[in-house]
Amino acid sequence: MNIYIADFGSNLIRKIGHDSYVSTYAGTGNAGYRDGDNEQAMFKGPDNIDIDAEGNIYVADADNHRIRKITTDGIATTIAGSGKSGFADGVGTKAQFAYPTGIAVDAFKNLYIADRGSNSIRKIDRNGMVTTIAGNGVPAYSDGIGKASHFNNPISVALDNASLNLFIADSGNNVIRKMNLTTTRVTTFAGSSDRIPGYRDGKGPNAIFSWPTGLAVDIFGNLYVADSNNNRIRKVNPEGVVSTIAGATVAGFKDGLGHYSQFKSPTGIYVDKLGNIYVADSGNNRIRKISRSLITTENETHISQRDTKNNENVIASPRPF
């Protein structure tokens, strides 16, 4: 298994190979914008990536306000975004983004973008058409259909296994939202509607988060959350029950079981096909692993993670907030 990492601060896409060897997959390390082969391409604050069934990598190139693609032969191109911060739908480079940070690709190569600066969720279809499917540019909090809903600093997105629903880390509101992609109805999946940051496990609105960022879904429909300001990794089951699987409130660096481990501002997360969890522990500038054997429950004995990515996996960037 290879793991790809959007290394925000280094302006690179990194690769951790089967032998745990870390190499640079794309980018020069200098902040900038340039398409081309992976050694010449330039990025500026790549914040999140996802991979399609063919192995193409899609990059939310946040500080360039663009969405990029790296093909399997290592050629970087721009899919959408003019490079100027803004909020405009349109085809390809005629569209504008405002600091896009989250990205997810479905089986049909539609891309879903958490456009943090415009407080909206955008869609790029396979023809490059950019549309706004939820949120309206105004930072606020309300459930609703499509543009009638409001977000505040949505940072990450993750699709469920059937690509029917999109989960959104609505970081500024300290909640996890869920959007039905057929109806575009946005609801609050977990987190308190008063949106006050804190820490509490519980079901749905009884749970409390503090600046949740990275999201990942396993085969059972469990959602894993990098709860950044709580320095914890949380789990939300399909019924919306939130529990803590690792980390403690006090920021630090310590390996160990569950609550005995420590993280410092974790921002990215991924679940591999065996159910192991990988965490971008941003404050510690490390990639951490939580073994599946430590979190398996009685009804989760068979693992065959939705793996359309040909054993190529991604984890969100170690990044500042």
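Aromatic pairs come first. A search of the whole structure, which is a predicted model, turns up two of them.

Take Y4 and Y25. Their rings meet edge-to-face. The centres are 5.1 Å apart, and the planes make an angle of 75°. Why does this pair tie together separate parts of the sequence? Because Y4 belongs to strand β1, residues 2–7, while Y25 belongs to strand β3, residues 22–26. That puts the tied parts 21 residues apart in sequence. Are these two tyrosines, Y4 and Y25, buried or exposed? Y4 is buried, at 6% relative accessible area. Y25 has 16% relative accessibility, and with the cut-off for buried at under 20%, Y25 counts as buried too.

Now the other pair, F167 with F189. This one is tilted. Centre to centre we have 5.2 Å, with 50° between the planes. Again distant parts of the chain are linked: F167 sits in strand β16, residues 165–170, and F189 in strand β18, residues 185–190. The separation is 22 residues. Both F167 and F189 are buried.

Next, charges over rings. R66 places its charged end over the ring of Y33, 3.4 Å from the ring centre. R232 does likewise with Y199, at 3.5 Å from the centre of that ring.

On to a sheet. Which order do its five strands take? Reading across, β19-β23-β22-β21-β20. The sheet is open, and the pairing is antiparallel. At the edges are β19, residues 202–203, and β20, residues 212–217; each of them pairs on one side only. Look at the β19 edge. Strand β23, residues 241–247, runs antiparallel to β19, and two bridges join them. Within that pairing, G202 faces V242 of β23. As a reminder, strands of a sheet pair through backbone hydrogen bonds.

Finally, the whole chain. How many helices and strands does the protein chain have? Zero helices, 27 strands. The C-alpha trace spans about 50 × 45 × 35 Å along its principal axes. The radius of gyration is 18 Å. A compact globule of 321 residues would come out near 20 Å, so the chain agrees with that expectation.

Burial next. Of the 321 residues, 57% are buried. The chain exposes about 12400 Å², and carbon and sulfur atoms supply 50% of that area.

Last, contacts. Consider those between residues at least 6 apart in sequence. Of these, 45% join residues at least 24 apart.

Notes. Residues are numbered from 1 along each chain as its sequence is written. This is a predicted model: local features need pLDDT of at least 70, side-chain atom pairs count only at pLDDT 80 or more; totals for chains, interfaces and linings use all residues. Side-chain values use heavy atoms; hydrogens and water are left out. Two strands pair if DSSP finds at least two bridges between them. Helices (H or I, at least four residues) and strands (E, at least two) are DSSP runs, numbered from the N terminus. Rings of Phe, Tyr and Trp (its six-membered ring) pair if their centres lie within 6.5 Å; planes under 30 degrees apart count as stacked, over 60 as edge-to-face and the rest as tilted. Buried means under 20% relative accessible area, exposed over 50%, partly exposed in between (1.4 Å probe, protein chains only). A charge sits over a ring if NZ of Lys or CZ of Arg is within 6 Å of the ring centre and within 35 degrees of the ring normal. The radius of gyration is taken over C-alpha atoms; the globule rule is 2.2 Å times the number of residues to the power 0.38. Contact means heavy atoms within 4.5 Å. Accessible areas come from the Shrake-Rupley method with a 1.4 Å probe; for residues, only the protein chains shown count as cover.
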